[in-house]
Amino acid sequence: HRQGFAAGILRPGSMIDAGNSATYGAISAAPTVSTLTLLSGRHPMLAKELKTAVDKVVEANPCLSARVVNKDNRMLLEPGVHKDIFFRVVDPPKECPLIGSLDLKGKLQFLQNLEQNFTNPGTAMNTIKSGCQVFLVELMTFPEPYVCFVIHLSHLVGDAKTLYDIVSQLNAILAGRQIEALDWECPARNNFELLPLSLKDRQKVINWGCFGWLGQLLFGPKRQNHVSLLSKSQIEQEKERQKTSKSKFLSSNDIITAALSRSIKNSYVMNVAVNMRNKAGVPGNVAGNYWHSVPMDHQAAADPNTIREFLPKLEYYKDGEVPCWPFFRGRYSFITNWTSFTTPFQVEGLTLDCHAVHGNFLRENPTNVAVVFHCAKDTMALSHNVPATNIDPTGLGAICQ
């Protein structure tokens with residue numbers, strides 16, 4: 001198997017542009033979107049049925065068999081190149097804890113430790129090489145009645161919403177239902193911009209942000225994946241405490257983003273991801289990268305009321321113009337929330353125990369990144385890569401278990 005991934009789209013023999021957001025945005029933010037799902041129980045012939053489901057999903061979505069072609073600083077996608085390499089069975093480690101004895105935190109840690117046994121999703125530098133694979137599903141079965149699913153999707157192909165749409169297709173096929181192919185050729189794909197800024201500010205963020213990203217990669221601290229369980233009751237209490245007459249409604253994302261902003265030190269811009277499918281008029285079954293990275297002054301983002309007021313406007317808040325120097329020095333952060341579309345694997349006879357974001361999404365990124373996701377049916381979690389020296393845990397204490 002290959003140690004990196006790349007891109008994808010529709011008709012064999014054709015070349016399709018991956019779009020602006022993939023070309024300059026997603027590729028540097030994270031080479032792949034990858035998740036792990038732990039389920040308990042036994043399902044006869046699971047590996048055979050899952051391979052069949054994977055093959056049917058690839059047949060319905062030929063982009064998943066594509067490779068990337070880097071031409072004139074654009075990412076072009078050539079479908080139909082790879083054949084029959086989209087599913088892999090992985091042996092469990094020789095030494096393994098008693099999974100059934102672990103609580104939810106212990107199972108999250110267990111999944112983190114398991115990552116090294118699966119295919120390495122690679123780095124951004126690998127992702128742009130021609131010939132790389134764009135999509136892979138892996139299965140591990142343990143001596144105890146547990147299985148682990150891992151799915152990787154190149155960020156050039158699509159965002160986390162696209163990944164979970166693919167998981168939904170796999171779930172449907174495993175349940176004996178028909179699926180409809182995702183829309184990989186929406187006209188909005190080519191020109192959709194990752195940054196909702198003026199051309200001047202967009203170029204500033206791209207150019208200086210890449211410089212700061214590279215500087216942190218070469219000279220910054222080593223990044224690790226830190227996972228915390230979030231408390232739904234504490235988040236609700238924080239909503240009531242933070243509400244004002246001006247902001248009568250605060251979302252959970254407002255509260256979580258503000259708490260993280262208060263916790264992170266030495267960051268001066270907080271970039272907040274916003275799923276733009278509804279606002280951009282993009283149909284729900286469209287695959288690709290349809291999200292905005294909205295920059296906010298970091299100190300202002302520490303107040304959930306400011307987030308609620310200005311984030312929907314998709315404009316930089318404070319002084320009207322995005323500053324250069326935080327991006328030049330790599331002193332910026334990013335948070336994305338996947339809870340509205342998190343879809344773990346579902347198989348008859350198996351029960352969801354734990355779901356996690358692959359640590360490669362965080363360890364390989366040299367700047368501050370955080371992901372909010374559902375790690376269990378009614379439990380949210382926060383994964384981040386902020387070094388211990390740059391975070392004040394008391395800020396997150398108000399919302400964590």
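Which residues have the most contacts inside the largest nonpolar core? In this predicted model, they are Leu64, Phe135, Cys148, Phe149 and Trp338, within a core of 66 residues. Helix α5, spanning residues 160–174, supplies the largest share of this core, with 8 residues. A second core, separate from the one just described, has 35 residues, among them Met270, Met296, Val372 and Cys400. In soluble globular proteins, nonpolar side chains tend to be buried together.

The surroundings of Trp338 can be described residue by residue. When residues up to four places away in sequence are not counted, Trp338 touches Val33, Thr35, Ala160, Tyr164, Val357, Phe361, Val371, Val372 and Phe373. One of these partners, Val372, is included in the second core.

The chain as a whole has 401 residues, of which 58% are buried. Its secondary structure consists of 13 helices and 14 strands. Among contacts with a separation of 6 or more, 77% are between residues 24 or more positions apart. The chain exposes an area of about 16,900 Å², and carbon and sulfur atoms supply 52% of that area.

Strand β14 contains Ser383. Ser383 has a relative accessibility of 0% and therefore counts as buried, the limit being under 20%. Leaving out residues up to four places away in sequence, Ser383 touches Asn225, His226, Val227, Leu362, Val369, Ala370, Val371 and Phe373. Val371 and Phe373 are also touched by Trp338.

The loop between β14 (379–384) and α13 (393–397) holds Asn390. The relative accessible area of Asn390 is 18%, so this residue is buried. Apart from neighbours within four places in sequence, Asn390 is in contact with Ser263, Ile264, Lys265 and Asn266.

Asn266, one of these contacts of Asn390, is found in the loop between α9 and β9 (269–275). With a relative accessible area of 39%, Asn266 is partly exposed. Its backbone has a positive phi of about 60 degrees, although Asn266 is not a glycine. Most residues other than glycine have a negative phi.

A positive phi also occurs at Met45, a residue other than glycine, where the value is near 60 degrees. Met45 lies in the loop that runs between β2 (32–40) and α2 (46–60). Met45 has a relative accessible area of 52% and is therefore exposed, since the limit for that class is over 50%.

The packing of two helices was also examined. Helix α8 comprises residues 232–242 and helix α9 comprises residues 252–263; their axes come within 10 Å and cross at roughly 85 degrees. An angle of 65 to 115 degrees counts as roughly perpendicular, and α8 and α9 are therefore roughly perpendicular to each other. On the α8 side, the contact involves Ile235, Glu236, Glu238, Lys239 and Gln242, which meet Ser252, Ile255, Ile256 and Arg262 of α9. By residue class, this contact between α8 and α9 has 3 nonpolar, 2 polar and 4 charged residues.

Definitions and conventions. Residues are numbered from 1 along each chain as its sequence is written. This is a predicted model: local features need pLDDT of at least 70, side-chain atom pairs count only at pLDDT 80 or more; totals for chains, interfaces and linings use all residues. Side-chain values use heavy atoms; hydrogens and water are left out. Axes are lines fitted to C-alpha atoms, for helices over the stretch in contact, and angles run from 0 to 180 degrees between N-to-C directions. Helices (H or I, at least four residues) and strands (E, at least two) are DSSP runs, numbered from the N terminus. Angles under 35 degrees count as roughly parallel, over 145 as roughly antiparallel, 65 to 115 as roughly perpendicular and the rest as oblique. Contact means heavy atoms within 4.5 Å. Ala, Val, Leu, Ile, Met, Phe, Trp, Tyr, Cys and Pro count as nonpolar, Asp, Glu, Lys and Arg as charged, and the others, Gly among them, as polar. Buried means under 20% relative accessible area, exposed over 50%, partly exposed in between (1.4 Å probe, protein chains only). A nonpolar core is a set of buried Ala, Val, Leu, Ile, Met, Phe, Trp, Tyr and Cys residues joined through side-chain atoms within 4.5 Å. Accessible areas come from the Shrake-Rupley method with a 1.4 Å probe; for residues, only the protein chains shown count as cover.
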